[in-house]
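User: Please take a close look at one part of this structure for me, the pairing of oppositely charged side chains. I would like one connected account that also places these pairs among their surroundings.

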Amino acid sequence: QVQLVESGGGSVQAAESLRLSCVASGAVVGIDYMRWYRQAPGKEREMVAQIDITGWADYADSVKDRFTISRDGDKNAVILQMNNLRPGETAVYYCNADVRGWTGRTKNYWGQGTQVIVSS
């Protein structure tokens, strides 16, 4: 089994920054993609950013030039640096990963989420 554990959420004022971390543990042989999603109250979950095993990254248009996703391969971790946060970005942020296990199969996992609150 694989667990994804997020940390780093909290409450900030608009224009401030937060750094989210997610660490994968358990039966992890490799991780192809790691992603961050968010879900605001009353809205659908949306992908914020993703990064593959080579370091290629992609972002939602709304966060480009403000958010940066990075990986620490040695620690099976992904970081989301969020700068210049906006009140509309209050949401639960979820880590998601495509994990290769000892069987050679790839399976998708979700973390439990971490709350981010941005006040104006």
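Analyst: **Charged pairs and their surroundings**

Asp32 has a relative accessible area of 21% and is therefore partly exposed, a class that lies between buried (under 20% relative accessible area) and exposed (over 50%), as computed with a 1.4 Å probe on protein chains only. The model is a predicted one, in which local features need pLDDT of at least 70 and side-chain atom pairs count only at pLDDT 80 or more, whereas totals for chains, interfaces and linings use all residues. Residues are numbered from 1 along each chain as its sequence is written, and side-chain values rest on heavy atoms, with hydrogens and water left out.

The partner of Asp32 is Arg100, and the closest N and O atoms of this salt bridge are 2.8 Å apart; the term covers a side-chain nitrogen of Lys or Arg within 4 Å of a carboxyl oxygen of Asp or Glu. Because Arg100 belongs to strand S9 and Asp32 to strand S4, their salt bridge ties together parts that are 68 residues apart in sequence. Strands here are DSSP runs of E with at least two residues, while helices are runs of H or I with at least four residues, and both are numbered from the N terminus. Like its partner, Arg100 counts as partly exposed, with 24% relative accessibility.

A second pair links these two strands: Arg35 lies in S4 and Asp98 in S9, so parts 63 residues apart in sequence are tied together. The closest N and O atoms of the Arg35 and Asp98 salt bridge are 2.7 Å apart. Here the side with the positive charge is buried, Arg35 having 12% relative accessibility, and Asp98 is likewise buried, with a relative accessible area of 14%.

The side chains of Asp61 and Lys64 also form a salt bridge, at 3.1 Å from N to O. Asp61 is exposed at 65% relative accessibility, while Lys64, with a relative accessible area of 40%, is partly exposed. Arg38, Glu46, Arg66 and Glu89 are joined into one network by salt bridges that share partners, and the full count of salt bridges comes to six. As a general matter, side chains of opposite charge can pair when their charged atoms come close.

S9 also takes part in a covalent link. Cys22 and Cys95 form a disulfide (a pair of cysteine sulfur atoms within 2.5 Å), with their sulfur atoms 2.1 Å apart, and a search of the whole structure finds one such link. The angle about the S-S bond is -80°, and the link of Cys22 and Cys95 is left-handed. Since Cys22 is in strand S3 and Cys95 in strand S9, the disulfide ties together parts that are 73 residues apart in sequence. Cys22 is buried, with a relative accessible area of 0%, and Cys95 is buried with a relative accessible area of 0% as well.

Both cysteines are in contact with Val78, whose other contacts outside four places in sequence include Met34, Trp36 and Ile69; contact here means heavy atoms within 4.5 Å. Val78 is also one of the residues that touch the most other members of the largest nonpolar core, which has 31 residues. Such a core is a set of buried Ala, Val, Leu, Ile, Met, Phe, Trp, Tyr and Cys residues joined through side-chain atoms within 4.5 Å. Among the strands that each supply at least two residues of this core are S3 (18-26), S4 (30-39), S8 (77-82) and S9 (91-100), and S9 gives the most, with five residues.

S3 itself is paired on both sides of this account: six bridges join it to S1 in the antiparallel sense, and it pairs with S8, also antiparallel, over six bridges. Two strands are taken to pair if DSSP finds at least two bridges between them. Ser7 stands opposite Ser21 in S3, and Arg19 stands opposite Gln81 in S8.
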